[in-house]
Amino acid sequence: MDLDFLVSIGLIISAIGIPMLFVGLIMLLVKAIGKKSKKSSFTVIIISVFLILCGIILSSIDTEVSEPTDDIETKDPVEEAKEKLHDAYYAGDYNTVYATLAYDNMSITIDTNPFDSSRNSYESEAISAVLSINAYLNFPSSLNERISSTRAIDGMQTQTYGDYTVSWTYHPDNGLKIIYEVTP
């Protein structure tokens, strides 16, 4: 049934109930003056009050039907992952010598020995960055164990967690190189 129709019925019922209320009140007054029975006047008043209340209720129905909207912003999962990777990078104060965020926010690269030097002064800082990013992205602590257990002969290792792929390699002369990538 159309809601506008119900509202119209409610207004009509109220329009009938209001004059009936006045008629009932007038009948009550006339009967009070003439000392006649007031029973029929009370009946008219009760019916008219009931009609007015029904009319008010029906006319207050909300006729606006909510249309499905496209206003609800749903973010693309890749965009959300890129944003979180960006935030992970900027949450730490990482030196751009050993840590870089790709221009498209699709990856972070950390190199614990960026110059492949025997006198590496960035190693502890870079390893702290790896641990911080792993924690920021809510990776399991087992990833830290996998990374620290990697040997040069193991080659490139890869692990995927949700929207991210983590790849790393280790060599005693070159250090640890790790890449965090958004997985499209």
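The expected span of a helix is 1.5 Å times one less than its number of residues. The exercises below apply to a predicted model.

**Exercise 1.** Work out which span α4 should have at 1.5 Å a residue, and compare it with the distance between its end C-alpha atoms.

*Solution.* Step one: α4 runs over 123–136 and has 14 residues. Step two: at 1.5 Å a residue, these should span 20 Å. Step three: the end C-alpha atoms of α4 are 20 Å apart, which agrees with the expected span.

**Exercise 2.** Find the buried residues of α4 and say where they sit around the axis.

*Solution.* Step one: buried means under 20% relative accessible area; in α4 this holds for Ala126, Ala129, Val130, Ile133 and Asn134. Step two: these residues cover an arc of only 130° around the axis, so they lie on the same side of α4. Step three: an α-helix has 3.6 residues a turn, so residues three or four places apart point the same way. Step four: on the other side of α4, Ser124 and Ala135 are exposed. Step five: the cover over the buried residues includes α3 (77–91), β2 (107–111), α5 and β5.

**Exercise 3.** Describe the lining of the largest pocket and the part α4 plays in it.

*Solution.* Step one: the pocket holds about 210 Å³ of space. Step two: among its lining residues are Glu123, Ile127, Val130, Leu131 and Tyr170. Step three: the lining divides into six nonpolar residues, five polar and one charged. Step four: α4, α5 (141–148) and β5 (175–182) each supply at least two lining residues. Step five: α4 gives the most, with four residues.

Conventions:
Residues are numbered from 1 along each chain as its sequence is written. This is a predicted model: local features need pLDDT of at least 70, side-chain atom pairs count only at pLDDT 80 or more; totals for chains, interfaces and linings use all residues. Side-chain values use heavy atoms; hydrogens and water are left out. On a 1 Å grid over the protein atoms alone, a cavity is a set of points where a 1.4 Å probe fits but cannot get out, and a pocket is an open set with protein on both sides within 12 Å along at least five of seven lines; lining residues have an atom within 4 Å of a point. Grid points are joined across faces, edges and corners, and a volume is the space filled by probe spheres set on the points. Ala, Val, Leu, Ile, Met, Phe, Trp, Tyr, Cys and Pro count as nonpolar, Asp, Glu, Lys and Arg as charged, and the others, Gly among them, as polar. Buried means under 20% relative accessible area, exposed over 50%, partly exposed in between (1.4 Å probe, protein chains only). The arc is that of the directions from the helix axis to the C-beta atoms. Contact means heavy atoms within 4.5 Å.
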